[in-house]
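Reader: I would like to go through this structure with you and ask, term by term, what justifies each description. Please set each value against the cut-off that decides it.

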Amino acid sequence: MIIERHCSSMGLNVIGIANSAKVALQKLDELISRKSKIPDIVFCDIVMDGMDGFELLTKLRTNKYLSNTKFIAVTANIAADFTHGDNKETFDAFITKPFNE
């Protein structure tokens with residue numbers, strides 16, 4: 001994954017990768033239950049099967065253990081509205097696709 005390679009090249013420790021929102025929630029729950037390292041940053045695609053990035057963000061923002069975690073949206077839509085619904089959940093930043101190696 002390109003983001004993983006970029007993070008690693010900057011000396012960041014990648015502690016997990018998920019191929020869906022459901023898997024991401026499971027992995028984060030495992031980290032929290034084991035009292036493992038909590039991520040400083042979570043990259044989240046906006047368009048995913050089953051649960052979109054906004055739904056995932058809403059779930060993650062309610063977790064007290066992730067209160068200091070920054071959430072970065074990854075999207076191919078540079079004009080996307082990064083707020084969602086009445087609660088206006090927002091990402092801390094965004095990165096547009098495609099990426100350059």
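Reader: What area does the protein chain expose, and what part of it do carbon and sulfur atoms supply?

Author: In this predicted model, the protein chain exposes about 6800 Å², and carbon and sulfur atoms supply 52% of that area. Buried residues make up 29% of the 101 residues in the chain.

Reader: Which elements make up the secondary structure of the protein chain, and in what order do they run?

Author: There are 3 helices and 3 strands, and from the N terminus on they run α-α-β-α-β-β. As for contacts with a separation of 6 or more, 55% of them are accounted for by residues 24 or more positions apart.

Reader: Why is the pair of Phe-54 and Phe-91 called edge-to-face?

Author: A search of the whole structure finds 1 aromatic pair. The ring centres of Phe-54 and Phe-91 are 5.6 Å apart, and the cut-off for a pair is 6.5 Å; their planes stand at 65°, and angles over 60 degrees count as edge-to-face, so the pair takes that name.

Reader: What makes you say that this pair ties together separate parts of the chain?

Author: Phe-54 lies in helix α3, residues 53-61, whereas Phe-91 lies in the loop between β2 (70-75) and β3 (93-96), so the pair ties together parts that are 37 residues apart in sequence.

Reader: How do you know whether Phe-54 and Phe-91 are buried or exposed?

Author: Buried means under 20% relative accessible area. Phe-54 has 8% and therefore counts as buried, and Phe-91, with 9%, is buried by that rule too.

Reader: What makes the buried residues of α3 line one face of the helix?

Author: The buried residues of α3 are Gly-53, Phe-54, Leu-56, Leu-57 and Leu-60. Seen down the axis of α3, they fall within an arc of 160°, so they line one face of the helix. As background, an α-helix has 3.6 residues a turn, so residues three or four places apart point the same way. What covers the buried residues of α3 includes α2 (21-33), β1 and β2.

Reader: Which residue caps the N-terminal end of α3, and how do you know?

Author: Asp-52 is the cap, with a side-chain oxygen that lies 2.9 Å from the backbone nitrogen of Phe-54; the limit for such a polar contact is 3.5 Å, and the distance of 2.9 Å satisfies it.

Reader: Why is the contact of Lys-97 with Asp-45 called a salt bridge?

Author: The closest N and O atoms of Lys-97 and Asp-45 are 2.9 Å apart, and a salt bridge requires a side-chain nitrogen of Lys or Arg within 4 Å of a carboxyl oxygen of Asp or Glu, so the pair qualifies. The bridge links distant parts of the chain, with Lys-97 in the segment after β3 and Asp-45 in strand β1 (residues 41-45), 52 residues apart. Lys-97 is partly exposed at 28% relative accessible area, and Asp-45 is partly exposed at 25%.

Reader: How many salt bridges does the structure hold, and what parts does the pair of Asp-92 and Arg-61 tie together?

Author: The structure holds 2 salt bridges. The side chains of Asp-92 and Arg-61 meet in one of them, at 3.2 Å from N to O, a distance that the limit of 4 Å admits. Asp-92 lies in the loop between β2 and β3 and Arg-61 in helix α3, so this pair ties together parts that are 31 residues apart in sequence. Asp-92 has a relative accessible area of 40% and is partly exposed, and Arg-61, at 30%, also counts as partly exposed.

Reader: Why does Lys-35 count as exposed?

Author: Exposed means over 50% relative accessible area, and Lys-35 has 74%, so it counts as exposed. Lys-35 lies in the loop between α2 and β1, and has a positive phi of about 55° although it is not a glycine.

Reader: How do you know whether Val-74 is buried or exposed?

Author: Val-74, found in strand β2, has a relative accessible area of 5%, and since buried means under 20%, Val-74 is buried. Val-74 and Phe-94 are 20 residues apart in sequence and 5.8 Å apart in space, C-alpha to C-alpha.

Methods. Residues are numbered from 1 along each chain as its sequence is written. This is a predicted model: local features need pLDDT of at least 70, side-chain atom pairs count only at pLDDT 80 or more; totals for chains, interfaces and linings use all residues. Side-chain values use heavy atoms; hydrogens and water are left out. Rings of Phe, Tyr and Trp (its six-membered ring) pair if their centres lie within 6.5 Å; planes under 30 degrees apart count as stacked, over 60 as edge-to-face and the rest as tilted. Helices (H or I, at least four residues) and strands (E, at least two) are DSSP runs, numbered from the N terminus. Buried means under 20% relative accessible area, exposed over 50%, partly exposed in between (1.4 Å probe, protein chains only). Contact means heavy atoms within 4.5 Å. Accessible areas come from the Shrake-Rupley method with a 1.4 Å probe; for residues, only the protein chains shown count as cover. The arc is that of the directions from the helix axis to the C-beta atoms. A polar contact is a pair of N or O atoms within 3.5 Å; within protein, one must be able to donate a hydrogen and the other to accept it, and residues adjacent in sequence count only if both atoms are side-chain atoms.
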